[in-house]
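Visitor: I would like a close look at a single part of this protein, namely its open sheet and whatever packs around that sheet. Could you take me through it with some care?

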Amino acid sequence: MRILFIGDLVGRPGRSIVKDLLPQIRKDEDVDLVIASADNLAGGRGATRGTINETRDAGVDFFTGGDHIFHHREFEQDIEDLPIVRPANYPGDAPGVGYAVIDLGSKGSVLLINLMGRTAFGGPQAYLEDPFTRAAEILEEFSSEEDLIRLVDFHAEATSEKKALGFYLDGRVDGVFGTHTHVPTCDARILPLGTAYVTDVGMSGNIESVLGVKKDIIIELFLTARLQKFEWENTGTKAFRSVLLNTDSNHIKRLDFEK
Ligand SMILES: [Fe+2]
Ligand SMILES: [Fe+2]
């Protein structure tokens with residue numbers, strides 16, 4: 001199976017470059033399944049039913065979330081019937097599901113797990129459950145299903161936590177893809193026991209910005225040490241950042257475009 005994983009898809013520029021490029025990439029690379037992080041899909045924070053559906057029309061089949069996924073309050077209801085997983089290590093009964101099996105008929109089935117890191121995040125991430133233990137628990141549930149392709153989106157800030165989870169799950173899942181930092185890393189590779197891994201897929205969105213936000217606002221923040229109101233950059237060069245995993249040949253490669 002050929003699976004394309006797109007990193008944090010940020011706001012209007014992210015949706016626009018995906019609409020522009022994804023239909024051709026799907027054809028050229030003979031992609032069976034496209035997954036994207038919807039954590040910044042709507043207005044730079046969170047997702048909405050409308051932006052999810054708009055992105056599905058462009059060719060994304062399934063979505064993942066992260067620290068912003070419940071930014072738009074109505075999404076706590078909307079998440080229930082949309083093709084999306086949110087971090088599985090939220091404590092208690094968070095809306096939505098943390099993992100899902102995507103059935104692709106004769107091509108096979110994919111278990112998609114979303115987890116969030118706890119290291120170097122400044123907010124409520126401190127109250128999340130341990131993502132390592134949560135991953136092991138979920139994999140245990142599916143231990144008898146040998147043919148299942150197993151993928152993890154690890155939405156985390158610290159590269160150390162991401163690398164550690166990659167090695168922890170090496171040989172137990174087909175892919176561990178990092179998201180959240182918005183900056184792509186050039187370390188896509190197969191780990192020693194066979195798991196495809198990348199520390200961060202990177203953001204699809206405007207790259208003449210600081211992680212999607214107008215650069216002058218963030219420079220001002222660092223100069224004054226005072227919180228500024230964020231505005232998202234909508235003009236300038238856009239990037240499309242993704243990785244393509246071929247589970248038959250066990251090969252991962254980066255697919256990056258700028259426009
Ligand atoms: Fe993000
Ligand atoms: Fe995030």
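Guide: What follows starts with the protein as a whole and then turns to the open sheet, the helices across it and the core.

The model is a predicted one, and in it the protein has six helices and 13 strands. Its radius of gyration is 17 Å, close to the 18 Å that the globule rule gives for 259 residues, so the protein is as compact as a globular protein of that length. Along the principal axes, the C-alpha trace spans about 55 × 40 × 35 Å, and buried residues account for 46% of the 259 residues. Among contacts with a separation of 6 or more, 63% are between residues 24 or more positions apart.

The open sheet that you ask about is formed by six strands, in the order S5-S6-S7-S8-S10-S9, and its pairing is mixed. At its edges stand S5 (99-103) and S9 (189-190), and because each has a single partner strand, one side of each is left without a neighbour in the sheet. At the S9 edge, the pairing with S10 (residues 196-198) is antiparallel and runs over two bridges; Ile190, for instance, has Ala196 in S10 as its bridge partner.

Two helices lie across this sheet. Helix H4 (residues 131-141) lies across S5, S6 (109-116) and S7 (149-155), and it runs at about 160° to S6. Helix H5 (residues 159-169), in turn, lies across S7, S8 (175-179) and S10, running at about 170° to S8. Strand S7 thus lies under both helices in these lists, H4 and H5.

The next topic is the nonpolar core. The largest one has 62 residues, and those that touch the most other members are Phe5, Ile6, Leu112, Ile113, Val152 and Val243. Strand S6 supplies the largest share of this core, six residues. If one leaves aside its neighbours within four places in sequence, Val243 is in contact with Phe5, Phe177, Ala188, Val198 and Val201, and also with Ile252, Lys253, Arg254 and Leu255.

Helix H6 (residues 215-224) offers a contrast to that core, for it is hardly covered, and the count of buried residues among its 10 residues is zero. Just after H6, Ala225 takes a positive phi of about 60°.

Technical notes. Residues numbered from 1 in each chain as written. Chains lettered and ligands numbered in written order. Predicted model: local features only at pLDDT ≥ 70, side-chain atom pairs only at ≥ 80, totals over all residues. Buried ≥ 20, exposed ≤ 12 C-beta atoms within 10 Å, placed from the backbone. Helix = DSSP H or I, 4+ residues; strand = E, 2+ residues; numbered from the N terminus. Rg over C-alpha atoms; globule rule 2.2 N^0.38 Å. Contact = placed C-beta atoms within 7 Å. Pairing = 2+ DSSP bridges. Axes fitted to C-alpha atoms, helices over the stretch in contact; angles between N-to-C directions. Core = buried A, V, L, I, M, F, W, Y, C linked by C-beta atoms within 7 Å.
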